[in-house]
Amino acid sequence: MKFYLPLIFVFLNTLTHAQGISVSPSRIFFKGEAGQTVSQAISFSNASASTFYFVASIKDWDRDSLGIKQYFPVDQRKQSNGSWLALSDNSIRLAPGETKSVNLSMTIPKENKSLALTNSMLFFTQVKEQKADVQQGVNMNILLEFGIQVYHVPVGLPVGDLLFLAFEDKGIVSKEADQQVRKMMVKVKNTGQINKDAYVRFELTNIETGEEIPVKSIAVAMLPDAEQWIQLDLPATLKGRYLAVAILDAGAQYDLKIAEKEIIY
């Protein structure tokens, strides 16, 4: 495996919407110091013809080695800030065409001396009241759920970088419905103490003919000091020798990272 150096862009989703409901922002970064209370407005908009009800909850979260979110009760992780949060309203009713906002505040503990990023997930879960049953009371059906990532970012955290650690060929594997693919995996590390967004772009070229095979880009989001595997499925039906190139693009403030591996079909 070869690694090269030299740029690109970050992605940030600031608007989440479904079924006529929009919630913004999708991520909140608080930068207050110990003992301070900081706040952020969260905006809801209902463009549909229906009334929506939401209730709020908070959980801790992390990512596993494949980047999949895992959730935990508040304060179960040392990187949690869930107990620092408070909402002006824990339930929201949105009439058709209505726009409304709630205030999220974070009170950073006075004794908090840790220079580490903390995070939690604020959920707004849609519920719908059904007809009350004399025997069972009121049933609640969960329909939609929006998650907002909430971070506390102390001043002066090391930015670090994103690096390739490995580029592996797992060969031909079977997926659902007897579909076969050539599975490739790259391992990325975030050496900094802030979370980072990036894209891993892939290029696949036939070494003998120069033919280029289109391959999708994969979005990556990484927490501080994390290592993560990114999986890529290539066609299993190709023949010949190919050069697979992985390009790690974390934004204009970072050098572009490149790794390549030869594949023989």
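**Questions on a predicted model**

Trainee: Is Glu 111 buried or exposed?
Mentor: Residues under 20% relative accessible area are buried, those over 50% are exposed and those in between are partly exposed, using a 1.4 Å probe and protein chains only. The relative accessible area of Glu 111 is 62%, so this residue is exposed.

Trainee: At which pLDDT do side-chain atom pairs count?
Mentor: Residues are numbered from 1 along each chain as its sequence is written, and side-chain values use heavy atoms, with hydrogens and water left out. This is a predicted model, in which totals for chains, interfaces and linings use all residues, local features need pLDDT of at least 70, and side-chain atom pairs count only at pLDDT 80 or more.

Trainee: How far apart are the C-alpha atoms of Glu 111 and Gly 35?
Mentor: Glu 111 belongs to the loop between strand S10 (99–107) and strand S11 (118–129). Strands (E, at least two residues) and helices (H or I, at least four) are DSSP runs numbered from the N terminus. Glu 111 and Gly 35 are 76 residues apart along the chain, and the separation of their C-alpha atoms is 7.7 Å.

Trainee: Which residues touch the most other members of the largest nonpolar core?
Mentor: A nonpolar core is a set of buried Ala, Val, Leu, Ile, Met, Phe, Trp, Tyr and Cys residues joined through side-chain atoms within 4.5 Å. The largest one has 26 residues, and the elements giving two or more residues to this core include strand S13 (162–174), strand S14 (180–190) and strand S15 (196–206). A second, separate core of 24 residues includes Val 38, Ile 92, Leu 94 and Ile 148. In the largest core, the residues that touch the most other members are Val 186 and Leu 204.

Trainee: Which residue in S18 stands opposite Val 186?
Mentor: Two strands pair if DSSP finds at least two bridges between them. S14 and S18 are joined in the antiparallel sense over nine bridges. Opposite Val 186, in S18, stands Ile 230.

Trainee: Why do S13 and S18 each have one side without a neighbour in the sheet?
Mentor: The open sheet has three strands in the order S13-S14-S18, with antiparallel pairing. S13 and S18 each have one side without a neighbour because they stand at the edges, where each has a single partner strand.

Trainee: What is the phi of Asp 75?
Mentor: Most residues other than glycine have a negative phi, and most peptide bonds are trans. Asp 75 lies in the loop between strand S7 (69–72) and strand S8 (85–87), and at 49% relative accessibility Asp 75 counts as partly exposed. Its phi is positive although the residue is not glycine, with a value near 75°.

Trainee: What is the phi of Asp 225?
Mentor: Asp 225 is in the loop between S17 and S18, and its relative accessibility of 47% makes Asp 225 partly exposed. This residue is not glycine, yet its phi is positive and near 55°.

Trainee: Which residue does a cis peptide bond join to Ser 24?
Mentor: The omega of this cis bond is about 0°. The partner lies in the loop between strand S3 (21–24) and strand S4 (27–30). The residue joined to Ser 24 is Pro 25.

Trainee: What is the angle between the ring planes of Phe 44 and Phe 54?
Mentor: Rings of Phe, Tyr and Trp (its six-membered ring) pair if their centres lie within 6.5 Å; planes under 30 degrees apart count as stacked, over 60 as edge-to-face and the rest as tilted. By this rule there are eight aromatic pairs. The Phe 44 and Phe 54 rings have centres 6.2 Å apart and form a tilted pair, because the angle between their planes is 40°.

Trainee: What is the angle between the planes of Phe 44 and Phe 124?
Mentor: Phe 44 counts as buried at 0% relative accessibility, and Phe 124 is also buried, at 0%. Phe 44 in strand S5 and Phe 124 in strand S11 are 80 residues apart, so their pair links distant parts of the chain. With centres 4.8 Å apart, the pair is edge-to-face, and the angle between the planes is 80°.

Trainee: Over the ring of which residue does the charged end of Lys 69 sit?
Mentor: A charge sits over a ring if NZ of Lys or CZ of Arg is within 6 Å of the ring centre and within 35 degrees of the ring normal. Arg 182 lies over the face of Tyr 265, at 4.6 Å from the ring centre. The charged end of Lys 69 is 5.9 Å from the centre of the ring of Trp 61.
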